[in-house]
Amino acid sequence: MRFFIDTANLDQIKEAKDLGILDGVTTNPSLMAKEGIKGKRNIKNHYAKIAELADGGDVSAEVISTDFEGMKKEAHEFAKIAPNIVIKVPMIKDGVKTLRYLSDNGIKTNCTLIFSAGQALLAAKAGASYISPFIGRIDDITWDGIGLINQIAEMYAVQMFDTEILAASIRNSNHIVQAAIAGADIVTCPLSPILGLLKHPLTDIGLEKFLADHRKGNK
Ligand code: G3P
């Protein structure tokens, strides 16, 4: 199971890297806007910084075009930034065409905005390297995000697809654990659900007692 961080915030990426658990980074236009990164040149420069910080780990850079020619052009521009850039493409008709084109040209892809097993099937068939099912947003509409991961994992295993399941829109630490059990290859989320995995009250109580006993014994 690999851990990607879902942010365009360089400090959060550094913190995850320092923890020694960072395998890659995902971003999207909303996350770039949140950091105030705008304009083609600034966006590319920011991706270059993220790609360097990621130390060879895959970094998803999302296209904003919705037609094949536009996506193809953006993809080639992004791919030139660094060898670890992966092109993130939305699950739309021209997106599927773009996945096939990029896959045939040896460029890694991440098909985003996946909300059904049918979409996951089509993306894998088009040669996507990763697919991003949005667990949290499915739960938001009282559907079952983790159930979808189960379904896709089973389908990919039966059909022997190489496409990896990158569970996205992770909102809490339990989502990470459940996605791991359901067969996600990777989870991507902000730093806080990752740090949440650390926490258990019995760990804090136990450590306090160990240290108090040590102090008593060493008076
Ligand atoms: O990777 C997709 C993710 O950024 C979406 O998360 O919380 O906006 O649904 P969220």
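The following exercises, with worked solutions, concern the ligand site, salt bridges and a surface patch of a predicted model.

**Exercise 1. Describe the surroundings of the ligand and identify the side chains that make polar contacts with its oxygen atoms.**

Step 1. List the neighbours: Asp-6, Asn-28, Phe-134, Arg-137, Ala-168, Ser-169 and Arg-171 surround the ligand.

Step 2. Examine the distances to ligand oxygen atoms. For a polar side-chain atom of Arg-137 the distance is 2.7 Å. The corresponding value for Arg-171 is 2.9 Å, and an N or O atom in the side chain of Asn-28 lies 3.0 Å from a ligand oxygen.

Step 3. Consider the burial of the ligand: of the 310 Å² that the ligand exposes when taken alone, the protein buries 80%.

**Exercise 2. Determine which acidic residue pairs with Arg-171 in a salt bridge, and where the two partners lie in the chain.**

Step 1. Find the partner: Arg-171 meets the side chain of Asp-140 in a salt bridge, with an N to O distance of 3.1 Å.

Step 2. Place both residues. Asp-140 belongs to helix H7 (residues 135-140), while Arg-171 is in the loop between strand S7 (164-167) and helix H9 (173-182). The partners are 31 residues apart, and the pair links distant parts of the chain.

Step 3. Classify Arg-171: with a relative accessible area of 42%, this residue is partly exposed. Arg-171 also has a polar side-chain atom 2.9 Å from a ligand oxygen.

**Exercise 3. Analyse the salt bridges Arg-100 to Asp-104 and Lys-216 to Asp-213.**

Step 1. Give the separations of the closest N and O atoms: 3.1 Å for Arg-100 and Asp-104, and 3.6 Å for Lys-216 and Asp-213.

Step 2. Relate each pair to its helix. Arg-100 and Asp-104 are separated by about one helical turn because they are 4 residues apart in helix H5 (residues 93-104). Lys-216 and Asp-213 lie 3 residues apart in helix H11, about one turn of the helix.

Step 3. Assess accessibility. Arg-100 is partly exposed at 34%, whereas Asp-104 is exposed at 55%. In the other pair, Lys-216 is exposed at 58% and Asp-213 is partly exposed at 32%.

Step 4. Set these pairs in context: the whole structure holds 12 salt bridges. Lys-40, Lys-44, Lys-73 and Glu-77 are linked in a salt-bridge network.

**Exercise 4. Identify the residues of the nonpolar surface patch and locate Leu-197.**

Step 1. Name the members: Val-177, Ile-181 and Leu-197 make a patch of about 270 Å².

Step 2. Locate Leu-197: this residue is in the loop between helix H10 (191-196) and helix H11 (201-217).

Step 3. Check its accessibility against the patch criterion of over 30% relative accessible area: Leu-197 is partly exposed, at 37%.

Terms used: Residues numbered from 1 in each chain as written. Predicted model: local features only at pLDDT ≥ 70, side-chain atom pairs only at ≥ 80, totals over all residues. Heavy atoms only, no water. Patch = residues over 30% accessible without salt bridge, like charges linked within 9 Å, V, L, I, M, F, W, Y side chains within 5 Å. Areas by Shrake-Rupley, 256 points an atom, 1.4 Å probe, with all protein chains shown as cover. Salt bridge = Lys/Arg side-chain N within 4 Å of Asp/Glu carboxyl O. Helix = DSSP H or I, 4+ residues; strand = E, 2+ residues; numbered from the N terminus. Buried < 20%, exposed > 50% of the residue type's maximum accessible area, 1.4 Å probe, protein only. Near = heavy atom within 4 Å. Polar contact = N/O pair within 3.5 Å; in protein donor to acceptor, adjacent residues only side chain to side chain.
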